[in-house]
Amino acid sequence: MPQPGIDQLKHIVVLMMENRSFDHLLGYMMAQDPRIDGVDGTQTNPDTTGALVPVQPLAQYQSQLQPDPGHHYPDVDLQIFGDPRAATPNMQGFVKAYYQKQNNVPHSHNIMNCFPPAKVPVITTLASNFLVFNRWFSSLPGPTIPNRAFAHFGTSFGKTDMDLFYLGEKYKTIYERMVAQGHTAKIYYYDPPSATLGMTFILKDQPALFAQYDQFQADCASGNLPDYSFIEPNYTDHTVGAGTVPAADQHPDHNVLAGEEFIASVYMNILNNEDLWNSTVLLVVYDEHGGIYDHVQPPPCTPDEFTDTQTGFKFDRLGIRVPAILISPWIPKGRVVPDPAVDGAAPMVFDHASIPATVTAHFGLDTTHRSPREAAAATFLSFLTLDQPRTDYIGFQPNTFG
């Protein structure tokens, strides 16, 4: 069946934010839309005294998650399997894992706090007006760098830690594959002080594949976006003149409102060019959960060909669920995936390997040299199902954050 939205799709844009779980940012949307697999206050985790700590809509923009919750492999294993360790995932170890950071029982309860929709209006408005994935998981139970590697390579080559060395690995990045077959691709990073969170090492000999965020804005205005764009937020607080530009990645304990403003900026730069808007799909996704509570058990997945030599992990189970929103005028308003009424009983599981898998499929790239995880990953463009692009534009006014 023809899909005009896919036929007219010229640009795929991915904005990957930092370290927030699905329940933390989107879980309380379930009250307004029961199709969303979120939270209602009945979900609990035991603390170190044995008391059950409920999830609550009490998350703050800043100050609650200091020190940074643990999200390295041992931390996430505890969060998923609990203590004592269960044979199967039970999602009962979040409070106990956070207790280890400060040995403070009341403070450990903060890991269960979530945002009510009204406090994060940008991401929840986009979720309710476009498409929200109920089952988008980080690619492995671990930290930022290997999870981002799955978005770039379709694998982390057996790494679950923050090792930055990825040069000379078996598979090429999706950017290199795009360029090799005559397409354009670029990583837009915020600015040099923020850098690209260690990802410049991937393409250190190919500077043409990198540009700063102001170039993304100019490329949107001129309609000259690459075929595939990956956007990294501002990871650090900047002093600019007498003022401060706050980090916008939403990594704890950076201010969540600054990230809301950045998400709105990316979206509005695309929306403000009508031709670009009608030929672009934007995915807003988070690299991993940052140690923050989510109630959905990560499912098993196709094993990767690599094993982590330090932990023995075979990459045969996904990491913890993260927010993921797909935005396009070709998507029906209020789409939830999966939606039993539309999608039946299919589990429809996605992870960051779905990003290079989708780019590969849409642009007809060679599928010979890619990881088993990428080859098995679900793609996400089939949800652009409308016959005509929507004209009920959802806009955001520039904020005055800070």
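In this predicted model, helix H9, which covers residues 213-222, has four residues listed as buried: Tyr213, Phe216, Asp219 and Cys220. Looking down the axis of H9, these buried residues sit within an arc of 110°, so they line one face of the helix. Turn to the face of H9 that points away from the buried side, and the exposed residues Asp214 and Ala221 show up. The cover over the buried residues of H9 comes from several elements, including strands E1 (11-17), E6 (185-189), E7 (210-212) and E8 (228-231). H10 and helix H11 (274-277) also belong to that cover. Right after H9 comes glycine 223, with a positive phi near 75°.

Next, the nonpolar interior. The largest nonpolar core holds 82 residues, and the ones that touch the most other members are Phe133, Tyr228 and Tyr267. Helix H10 gives the most to this core, with 10 residues. A second core, separate from that one, has 18 residues, among them Val55, Met112, Tyr293 and Ile320. As for tyrosine 267, setting aside residues up to four places away in sequence, its partners are Leu126, Phe130, Trp277, Leu282, Ile327, Ile394 and Phe396.

Ile327 turns up again around threonine 280, a residue of strand E11 (residues 280-286), since the contacts of threonine 280 beyond four places in sequence are Leu9, His11, Val13, Ile270, Ile327, Ser328 and Pro329. Threonine 280 has a relative accessible area of 2%, so this residue counts as buried. Its side chain also reaches back to the backbone oxygen of leucine 276, at 2.7 Å. For a sense of scale, take proline 141: this residue is 139 residues from threonine 280 along the chain, and the two C-alpha atoms are separated by 31 Å.

Then there is aspartate 253, which lies in the loop between strand E10 (243-245) and helix H10 (256-271). What does a buried aspartate 253 have for a nearest side chain of opposite charge? That would be arginine 20, but at 5.3 Å away, and aspartate 253 has no salt bridge. The 4 Å cut-off for a salt bridge explains why a gap of that length does not count. The peptide bond that joins proline 252 to aspartate 253 is cis, with omega about 10°. Beyond four places in sequence, aspartate 253 is in contact with a run of residues: Gln62, Ser63, Gln64, Leu65 and Gln66.

Two of those contacts lead to backbone details of their own. Glutamine 66 is joined to proline 67 by a cis peptide bond, with omega near 5°, and proline 67 sits in the loop between strand E3 (52-54) and helix H3 (73-81). Serine 63 is in the loop between E3 and H3 too. Although serine 63 is not a glycine, its phi is positive, near 100°.

Methionine 91 is another residue other than glycine with a positive phi, in this case about 55°. Its place is the loop between H3 and helix H4 (94-102). Are serine 63 and methionine 91 buried or exposed? Serine 63 has a relative accessible area of 54%, so this residue is exposed. Methionine 91 comes out at 1%, which means that this residue is buried.

Terms used:
Residues numbered from 1 in each chain as written. Predicted model: local features only at pLDDT ≥ 70, side-chain atom pairs only at ≥ 80, totals over all residues. Heavy atoms only, no water. Helix = DSSP H or I, 4+ residues; strand = E, 2+ residues; numbered from the N terminus. Buried < 20%, exposed > 50% of the residue type's maximum accessible area, 1.4 Å probe, protein only. Lys, Arg positive; Asp, Glu negative; His and termini not counted. Contact = heavy atoms within 4.5 Å. Polar contact = N/O pair within 3.5 Å; in protein donor to acceptor, adjacent residues only side chain to side chain. Arc of directions from axis to C-beta. Core = buried A, V, L, I, M, F, W, Y, C linked by side-chain atoms within 4.5 Å.
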